[in-house]
Amino acid sequence: MSPSESPSESPSQPARRAEIVPTGLDYVASMESTDVVSIDPSYDLWIEGQPAEPTTNRYFPTINPATEETLSRVAEGGSKDIERAFRAARKAYEGPWGKMPGAERAKYLYRIARMLQERSREFAVLETLDGGKPIRESRDIDLPLAAAHFFYHAGWADKLEYAFPGLDTAPVGVVGQVIPWNFPMLMIAWKVAPALATGNTVVLKPAETTPLSALAFARLTAEAGLPPGVLNIVTGDGATGAGVVGHPDVDKVAFTGSTGVGKQIQRRLAGTGKRLTLELGGKAPHIIFDDAPLDQAIEGIINGIFFNQGHVCCAGSRLLVQESIFGDLMDKLRLRLTHLRVGDPLDKNTDVGAINSRAQLERITDLVDIGVAEGAEMYQPPCVLPDRGFWFAPTLFTGVSQSHRIAQEEIFGPVLSIMTFRTPAEAVEKANNTPYGLSAGVWTTKGARILWMADRLAAGVIWANTYNKFDPASPFGGYQESGFGREGGRHGLLAYLRGGS
Amino acid sequence: MTMSSPATTAPASPILGPSVTPRTIDAFLRAVPSVDEVGVAERAGALSTRSVKRESKRAALDLAIRMCDLTTLEGRDTPGKVIQLASKAIRPDPIDPDIPPVAALCVYPNMVPHAVEALAGSGSGVAVASVATYFPSGQAPLDIKAGEVAWAVAAGADEIDMVINRGAFLSGDYLRVHDEIVAVKEACDQAHLKVILETGELSTYDNVRRASMLAMAAGADFIKTSTGKVSPAATLPVTLVMLEAIRDFHAATGTAVGMKPAGGISTAKVAIRYLVLLAETLGSHWLTPDRFRFGASSLLNDLLMQIRWLRDGHYQSPDYFTKD
């Protein structure tokens, strides 16, 4: 029973690339129960604290991307509905909410935070059903963080004048917010918590493919006793979103989404004096030096690009590896990929879930085809994808050049483009050679090098020896075409204060 | 001592070559990648959320029983105690014949003859493992430690659990640590060598990873976390670090080394987390008692209790499970 006498042993010539069979402990499906969620056959808009039928009389389906089954039908908000929502928000702003002392506002935020914690399983299942993300992530990351954002901002509500001495800490007014489909509930928290903490009222447009958690959240705020009109939800597509950000009575616009749409919004608001913050795309460099803690760096790389199927604006989608460790790193990375469990998002053991929509799947597929056509070498681990629903296997590209489109464009999917560098200066040069500037990751055990890199990387968020870490106390936002303005932390409050920017 | 003659001894360290100097050892250890503590804890924590249910759980529980080194290491151990434990090792649950025997019975050298006698003729395949090398401290001259090993092997031990010289390791005398393992390996003759790093005393993951590589290079068949006499003993993160070292060593040399976490693993739930860590780090080739063991005493009864629960749908009182 000597383990060293294994068949894989080759004493004459050491097998440098020794094969290790990936799986072995077969987990039977362990499904999160959906009993905790009740989804109505259809949803109206949410205006002035109650459901409101859309004047368009139109409803669009929202589907489960893992099964393509329709979950519900959701109201399509038209211009009259947007008008109603803004009137309600203005009324609430000039009425109870705008006049309320910060300490009182905080109570609502605390209550919302606690209720989100109490009902986190329900919201997590809803997020997974509507968006396709693994329940492990919605349960362990999205919902705890969403609650944390409300707790964090509740604490600021009565301390604004201490946070910003000498600044006018009055609210801006009525805020129009448009959020994306990749973290529906978390983006609600990022947007709504600071807006309400600072005394503003909100008209929010959730993403077309993931409206359900916003509508459930609206009902939660009613249960929390939030005064009617403080939070209004207008569901719909891009046209509805354009109506929200272009409404004449909007005082401030906050948008998270694609760079293309962000540019349209900025053009539209130019010269109006309305405030704007944009959190847009990214093509983050993830830089691995030869002295990095390799096995943890592998986990960081995996987390950086496969977290939420790569539907993450700050995803570490450009891997820059020091050439001297490229071979070892690729061996480890390919092996690690074979351990990723792709499949039913409701299975508690799933690591990578469904692609959010058919449109996004097509975009990913197109860009991957382009990558192959450009001559990059593709690797996908053996994995069986379900027949129905939208799926894409975890994908690595090596032999990628800076000039390739897969190195330049945001894919927003589980696709990693891998390049090499030789010196720290070259790493910085390659990292910054992008129109984006949202985030970056650096792996090295050398503290001085971390600081040297952080000084030079043009990115709003830089992670050292970790990746995709979020905390409400830490400001998040980008440079260049990744947008401007910060969310979270003390900085994030400024956008919602009259004296801020 | 039964030692083979030095001239015919194969190089004990497959990657260090025949003549090992402080310089080659230093170069070898410097090439070992560093370990990020936060990242290790995070990965171990994430794998702890794996949900292992129904048939998978039953298979894992069965496997865990077959991987147990049922252990008693006390000053008050007697032949009587060892004989009783041997019968538990052979048939862990007397009323359920489907329950497999454990991997080994782990005792002090003095108890080896009694363990051998108690297991003889059982046909169970339960091995006798003996701690040696002045377990748990290892603070004795090398020839005395090697002599103890040889004595235990002569008495019938199939496996030897040695401790490394932590004092030498922490003082930077890696060559001495290496050479002691090589000497003990020789003293083991055909017996199977598990090398205890005593990770609780090595203190940092960087040390654990280097000590793992050093032990494997010196010829360890298994590397093992702890004696169970020092706290902290086995933890998931430290086990992950050692499994990653085993993976690197296998990739570099083709030699598959086994892993034994020991100390503090007392519930089936935690044992299954170790198996998940193993499966997702080293893969299915390691999911065998030949390459993974649990050093435990109270774990076995919890595994039995969980199997009974899966079978009958309700928990039995601990009174229904024999202590030894």
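**Exercise 1. The surroundings of B:V128**

Task: In this predicted model, determine which residues B:V128 is in contact with, leaving aside its neighbours within four places in sequence, and decide whether B:V128 is buried or exposed.

Solution.
Step 1. Once the neighbours within four places in sequence are set aside, the contacts of B:V128 are B:A104, B:L105, B:V112, B:A115, B:V116, B:L119, B:G156, B:A157 and B:D158.
Step 2. Locate the residue in the secondary structure: B:V128 belongs to strand β3 of chain B, which covers residues 127-131.
Step 3. Count the C-beta neighbours of B:V128 inside 10 Å: there are 28. The threshold for a buried residue is 20 or more, so B:V128 counts as buried with its 28 neighbours.
Step 4. Examine a pair separated along the chain: B:L70 lies 58 residues from B:V128 in sequence, and their C-alpha atoms are 9.8 Å apart.

**Exercise 2. The overall form of chain B**

Task: Establish how the radius of gyration of chain B compares with the value that the globule rule gives for 324 residues.

Solution.
Step 1. List the secondary structure: chain B contains 13 helices and 8 strands.
Step 2. Compare the two radii: chain B has a radius of gyration of 19 Å, and the globule rule gives 20 Å for 324 residues. The values are close, so chain B is as compact as a globular protein of that length.
Step 3. Add the extents: the C-alpha trace of chain B spans about 60 × 45 × 30 Å along its principal axes.
Step 4. Consider burial and contacts: 55% of the 324 residues of chain B count as buried. Among contacts in chain B with a separation of 6 or more, 76% join residues 24 or more positions apart.

**Exercise 3. The open sheet of chain A**

Task: Give the strand order of the 7-stranded open sheet in chain A, and explain why one side of β13 and of β17 is left without a neighbour in the sheet.

Solution.
Step 1. The order is β13-β14-β15-β12-β11-β16-β17, with mixed pairing.
Step 2. In chain A, β13 (377-379) and β17 (461-464) stand at the edges and have a single partner strand each, so one side of each has no neighbour in the sheet.
Step 3. From one strand to the next, the twist averages 20°.
Step 4. Inspect one pair: β11 (residues 285-288) and β12 (residues 318-322) of chain A pair in the parallel sense over 4 bridges. A:I287 has A:L320 in β12(A) as its bridge partner.
Step 5. Place the helices: α10 (residues 294-306) of chain A packs on the sheet, touching β11, β12, β15 and β16 of chain A, and its direction makes about 165° with that of β16(A). Helix α11 (residues 326-338) of chain A lies across β11, β12, β13, β14 and β15 of chain A, at about 160° to β14(A).

How values were computed
Residues numbered from 1 in each chain as written. Chains lettered and ligands numbered in written order. Predicted model: local features only at pLDDT ≥ 70, side-chain atom pairs only at ≥ 80, totals over all residues. Helix = DSSP H or I, 4+ residues; strand = E, 2+ residues; numbered from the N terminus. Buried ≥ 20, exposed ≤ 12 C-beta atoms within 10 Å, placed from the backbone. Contact = placed C-beta atoms within 7 Å. Rg over C-alpha atoms; globule rule 2.2 N^0.38 Å. Pairing = 2+ DSSP bridges. Axes fitted to C-alpha atoms, helices over the stretch in contact; angles between N-to-C directions.
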